[in-house]
Amino acid sequence: MDHVQKQEIKLQENKLQEIKLKDEQWQMLEPLLTGKQSDPGANAKNNRLFIEAVLWIVANKSVWRHLPPRFGSPSTAYMRFRRWTECDFWRQLAQSGIEDAGLARTLDTIVAYSDLYTRRIEQRLLRKNQKTIYKSTIAAAKAVKPVRRLPFAVDESTLHWVGLVTA
């Protein structure tokens with residue numbers, strides 16, 4: 001990537017919305033997040049940066065691969081967002097009784113985005129299942145050989161009935 005392309009990317013990033021947490025908001029939010037040093041298991045490298053990455057995605061209605069490099073790896077941020085969405089952690093944060101109205105609105109926005117994300121995933125899975133069912137039905141129909149009908153055999157019992165019906 002040359003110097004001109006880097007400048008163009010910086011200009012594009014500047015045009016996009018930026019939502020940053022205020023220090024007071026972060027102090028209210030930090031104790032509620034997972035991945036702190038005191039938590040068991042893996043520790044998060046920078047919860048604040050991750051939250052701001054999610055806010056960038058939500059505010060710009062962008063895809064994860066367009067996440068600016070200052071937020072770290074887009075795939076790492078996406079997978080973490082996905083895990084937090086699947087366990088409904090965003091909703092728990094929003095319902096945790098945060099008194100800052102701006103932070104509460106911000107969390108509600110993230111919850112709405114995660115709900116939209118969940119609906120999209122469910123719709124994709126439904127379409128995938130319907131497509132699989134359709135393909136298997138078509139394959140089963142192609143596998144069945146049509147039944148050949150034998151010509152009508154005339155025997156004495158049939159003639160007897162024909163004679164009764166026509167008489």
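This note goes through a predicted model, taking backbone geometry, the main pocket and two buried helix residues in turn.

1. Positive phi at K61. The residue K61 is not a glycine, yet its phi is positive, at about 45°. K61 sits in the loop between α3 (47-60) and α4 (74-86). Its relative accessible area is 74%. Because exposed means over 50% relative accessible area, K61 counts as exposed.

2. Positive phi at D88. A positive phi, near 60°, also occurs at D88, again in a residue other than glycine. D88 belongs to the loop between α4 and α5 (89-94). With a relative accessible area of 34%, D88 is partly exposed.

3. The largest pocket: volume and centre. The space in the largest pocket comes to about 320 Å³. Its lining is made up of 13 residues. Those nearest the centre are K61, S62, Y113, L116 and R120. K61 thus appears both in the pocket lining and among the residues with positive phi.

4. The largest pocket: origin and character of the lining. Which helix gives the largest share of the lining? Helix α6 (residues 101-143) does, with 7 residues. By residue class, the lining holds 8 nonpolar, 2 polar and 3 charged residues.

5. R80, a buried arginine. R80 is part of helix α4, the helix that follows the loop holding K61. The relative accessible area of R80 is 13%. Since the limit for buried is under 20%, R80 counts as buried. The C-alpha atoms of R80 and V54 are 9.9 Å apart in space, while the two residues are 26 residues apart in sequence.

6. N60 and its contact. N60 lies in helix α3, whose range is 47-60. Is N60 buried or exposed? At 16% relative accessibility, N60 is buried, because that value falls under the 20% limit. A polar atom of the N60 side chain lies 2.9 Å from the backbone oxygen of W56.

7. Points to check in the structure. For the backbone, look at K61, with phi of about 45°, and at D88, with phi near 60°. For the pocket, begin with helix α6, which supplies 7 lining residues. For the helix residues, inspect R80, buried at 13% relative accessible area, and the pair formed by the N60 side chain and the W56 backbone oxygen, 2.9 Å apart.

Methods. Residues numbered from 1 in each chain as written. Predicted model: local features only at pLDDT ≥ 70, side-chain atom pairs only at ≥ 80, totals over all residues. Heavy atoms only, no water. Helix = DSSP H or I, 4+ residues; strand = E, 2+ residues; numbered from the N terminus. Buried < 20%, exposed > 50% of the residue type's maximum accessible area, 1.4 Å probe, protein only. 1 Å grid on protein atoms, 1.4 Å probe; cavity = no way out; pocket = protein on both sides within 12 Å on 5 of 7 lines; lining within 4 Å. Points joined across faces, edges and corners; volume = space filled by probe spheres on them. Nonpolar A, V, L, I, M, F, W, Y, C, P; charged D, E, K, R; others polar. Polar contact = N/O pair within 3.5 Å; in protein donor to acceptor, adjacent residues only side chain to side chain.
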